[in-house]
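Me: I've got a model open and I'd like to go through the labels on it. Could you explain what backs each one up?

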Amino acid sequence: MAHPLADVWTLRDRARAYNERFAQWPASHLVVVREQGQEVIYGRWVLGQNYQAPTKFYGAYPPGFLDRVLALFPDVAAADTLHVFSGSLHAGEYVRCDLVQPAELPCSVYDLPALAGRTFALVLADPPYSKADAEKYTTPAIDRAKALAAIGAVTDLGGHLAWLDTCWPMHSKRTWRTVGRVAITRSTNHRTRDLTVFQRVV
Ligand SMILES: C[S@@+](CC[C@H](N)C(=O)[O-])C[C@H]1O[C@@H](n2cnc3c(N)ncnc32)[C@H](O)[C@@H]1O
């Protein structure tokens with residue numbers, strides 16, 4: 001049976017889907033506020049330490065992070081999802097893109113428009129945050145504006161990008177509207193990050 005929210009997914013529906021999925025953690029619940037006249041999802045997630053971390057990969061997603069992001073998009077099939085900067089993510093029904101690590105698209109993010117051959121309803125991205133971080137992967141620092149332009153070209157119109165970073169990345173407001181901001185705290189002595197959710201509008 002189709003999900004009751006299957007037809008039109010508003011930001012309120014997405015926040016509610018998250019809040020229902022993680023009903024046991026009310027402090028992590030999302031709200032929808034108005035920012036410069038437009039609705040935006042707001043929240044803060046404190047993820048905590050995972051002493052049985054499945055990977056020792058430098059910069060791997062914090063524990064539980066992906067489950068939380070995906071709870072916002074129960075309408076998107078894994079097969080319509082692209083993980084850019086996929087790092088240690090294991091193979092799945094989704095598509096991965098990474099310049100160095102094993103991936104279905106073993107290329108730079110900038111090459112996606114030429115190589116992906118399709119668009120995706122949801123893109124998740126976890127870039128190196130700084131030149132020093134990039135050096136750990138033996139890659140050049142990321143040009144965020146160029147990366148967001150390339151990702152825009154492989155995202156469905158109306159589709160979403162969930163970008164984890166230490167800053168709100170530079171982007172074209174013609175292509176992307178910011179529809180979500182979630183502060184991410186892992187545990188003590190980890191950098192605080194922001195999950196920015198964008199929607200492709202043009
Ligand atoms: C922060 S890590 C991502 C880790 C991932 N979230 C995980 O859970 O393992 C950044 C990744 O970006 C990849 N990378 C760096 N520059 C890239 C580029 N221009 N295009 C695609 N991937 C790149 C690196 O190889 C590295 O695996």
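Reply: Sure. Keep in mind that this is a predicted model. A search of the whole structure turns up zero disulfides.

Me: How do you know that Cys97 is in no disulfide?

Reply: The nearest cysteine sulfur to that of Cys97 belongs to Cys107, and it is 4.0 Å away. A disulfide needs the two sulfur atoms within 2.5 Å, so Cys97 is in none. Cys107 is in no disulfide either, its nearest cysteine sulfur being that of Cys97.

Me: Why is Cys97 called buried? And what makes Cys107 buried or exposed?

Reply: Buried means under 20% relative accessible area. Cys97 has 1%, so it is buried. Cys107 has 7%, so it is buried by that cut-off as well.

Me: Now the ligand. Which residues are the closest to it?

Reply: 21 residues surround the ligand, and the closest are Tyr61, Ser88, Asp98, Val109 and Asp126. By class, that shell has 12 nonpolar, seven polar and two charged residues.

Me: What makes the pairing of Ser88 with an oxygen atom of the ligand a polar contact?

Reply: A polar side-chain atom of Ser88 lies 2.6 Å from that oxygen atom. The cut-off for a pair of N or O atoms is within 3.5 Å, so this pair counts. Leu99 passes too, because a polar backbone atom of Leu99 is 3.2 Å from a nitrogen atom of the ligand. With Ser108, a polar side-chain atom is 3.1 Å from a ligand nitrogen atom, so that one also qualifies. As for cover, the ligand taken alone exposes 610 Å², and the protein buries 98% of that.

Me: How many cavities are there of 30 Å³ or more, and what lines the largest?

Reply: The count comes to one cavity of 30 Å³ or more. The largest cavity has a volume of about 30 Å³. Its lining is Leu11, Arg14, Ile41, Leu72, Phe73, Val179 and Val197.

Me: What classes do those lining residues fall into?

Reply: The lining of the largest cavity has six nonpolar, no polar and one charged residues. Arg counts as charged, so the charged one is Arg14.

Methods. Residues are numbered from 1 along each chain as its sequence is written. This is a predicted model: local features need pLDDT of at least 70, side-chain atom pairs count only at pLDDT 80 or more; totals for chains, interfaces and linings use all residues. Side-chain values use heavy atoms; hydrogens and water are left out. Buried means under 20% relative accessible area, exposed over 50%, partly exposed in between (1.4 Å probe, protein chains only). A residue is near a molecule or strand if one of its heavy atoms lies within 4 Å of it. A polar contact is a pair of N or O atoms within 3.5 Å; within protein, one must be able to donate a hydrogen and the other to accept it, and residues adjacent in sequence count only if both atoms are side-chain atoms. Accessible areas come from the Shrake-Rupley method with a 1.4 Å probe; for residues, only the protein chains shown count as cover. On a 1 Å grid over the protein atoms alone, a cavity is a set of points where a 1.4 Å probe fits but cannot get out, and a pocket is an open set with protein on both sides within 12 Å along at least five of seven lines; lining residues have an atom within 4 Å of a point. Grid points are joined across faces, edges and corners, and a volume is the space filled by probe spheres set on the points.
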